[in-house]
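Visitor: I should like a close look at one part of this model, its nonpolar interior. Please describe that part in detail and then place it within the chain.

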Amino acid sequence: MADTKKGGSGNYLAEADKSLEVCSVMISYSRKDKAFVKNIFDALAIDDREIWVDWEDMPPSNDWLEEIHKGIEQYDCFIFVLSEESIKAQVPNWEVDHAVKNGKRIIPIVCEEVDYRHVRKEIASLNWIFFRKDGDDFNSAMKLLLKALDTDLRHARYHTKLLTRAIEWEKHDFEKSLLLTGLDLQRAKHWLSASALGKEPKPTTLHLSFITASDALATSMKKRRW
């Protein structure tokens with residue numbers, strides 16, 4: 001669950017720095033590719049990485065979809081397993097929709113040949129990592145995947161932490177006590193500056209609204225003390 005503690009002394013983002021070894025990741029895939037995903041899961045788990053995978057073949061429901069959405073929001077990176085089945089399947093595409101909406105770092109990995117023309121533009125425009133059985137070396141591909149996952153790790157982690165706090169802020173009718181204060185606000189503004197200079201993932205509109213509202217409240221409180 002997302003952290004719903006009040007802004008307090010501004011140590012929310014500092015807590016994120018304590019576990020900056022590897023990024024957390026959610027894997028989206030078609031059930032037909034479950035055996036392949038298990039191999040990827042095992043290779044990623046060697047680093048004690050937090051990995052979110054829905055192994056159960058359950059019919060969609062509101063509770064199930066809410067858990068999927070939380071997984072996407074609360075994990076740093078989103079791996080999409082490309083196959084002929086996944087590019088057509090409804091659920092993986094729902095998951096991509098939510099990852100795109102929340103500005104997640106999306107990494108497409110290819111487990112079998114797909115027709116590029118049939119791949120949605122949000123995935124087609126990204127760099128693919130190839131794990132095809134015929135012709136691709138699994139270990140070499142894993143090195144590329146790990147590099148893609150853990151590039152600018154602190155930046156990706158702050159994206160996740162700020163997103164989950166911003167979502168809680170929005171759900172609680174923009175409750176002022178959930179806004180950033182002190183060092184958290186300073187870190188968030190530095191994060192925005194790094195994003196403007198090209199670091200990925202980029203902030204969403206909700207990120208921007210949340211940080212702007214936090215800064216406005218901090219400025220207002222400072223003026224009151226003068």
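Guide: Helices and strands are here DSSP runs, of at least four residues (H or I) for a helix and at least two (E) for a strand, numbered from the N terminus. By that definition, the protein chain of this predicted model has nine helices and five strands. Their order along the sequence is α-β-α-β-α-β-α-β-α-β-α-α-α-α.

The interior is best approached through the largest nonpolar core, a set of 24 residues. Within this core, Ile27, Leu44, Ile109 and Leu145 have the most contacts. Six elements each contribute at least two residues to the core: the strands β1 (25-28), β2 (51-53), β3 (77-82) and β4 (105-110), together with the helices α2 (34-45) and α6 (138-150). The greatest contribution comes from α2, which supplies five residues. In soluble globular proteins, nonpolar side chains tend to be buried together.

Leu44 may serve as a point of entry. Leaving aside residues up to four places away in sequence, Leu44 touches Val25, Ile27, Arg49, Ile51, Ile79, Met142, Leu145, Leu146 and Leu149. Separate from the largest core is a second one of 19 residues, among them Trp52, Ile72, Ile87 and Ile106.

The chain as a whole gives the setting for these cores. Buried residues account for 46% of its 226 residues. Of the contacts between residues at least 6 apart in sequence, 74% link residues at least 24 apart. The C-alpha atoms occupy a box of roughly 70 × 35 × 30 Å along the principal axes. The radius of gyration is 19 Å, close to the 17 Å given by the globule rule for 226 residues, so the chain is as compact as a globular protein of that length.

On the outside, the protein chain exposes about 12200 Å², of which carbon and sulfur atoms supply 52%. The chain carries 34 positive and 37 negative charges, and the mean positions of the two sets are 8 Å apart.

Some loops show backbone features worth inspecting. Asp48, in the loop between α2 and β2, has a positive phi of about 55° although it is not a glycine. Asp48 is exposed, with a relative accessible area of 72%. Phe174, in the loop between α7 (153-171) and α8, also is not a glycine and has a positive phi, near 60°. With a relative accessibility of 46%, Phe174 is partly exposed. In the loop between α8 (182-196) and α9 (205-225) lies Pro201, which is joined to Glu200 by a cis peptide bond with omega about 0°.

Methods. Residues are numbered from 1 along each chain as its sequence is written. This is a predicted model: local features need pLDDT of at least 70, side-chain atom pairs count only at pLDDT 80 or more; totals for chains, interfaces and linings use all residues. Side-chain values use heavy atoms; hydrogens and water are left out. A nonpolar core is a set of buried Ala, Val, Leu, Ile, Met, Phe, Trp, Tyr and Cys residues joined through side-chain atoms within 4.5 Å. Buried means under 20% relative accessible area, exposed over 50%, partly exposed in between (1.4 Å probe, protein chains only). Contact means heavy atoms within 4.5 Å. The radius of gyration is taken over C-alpha atoms; the globule rule is 2.2 Å times the number of residues to the power 0.38. Accessible areas come from the Shrake-Rupley method with a 1.4 Å probe; for residues, only the protein chains shown count as cover. Lys and Arg count as positive and Asp and Glu as negative; His and the chain ends are not counted. The place of a charge is taken as NZ of Lys, CZ of Arg, CG of Asp or CD of Glu.
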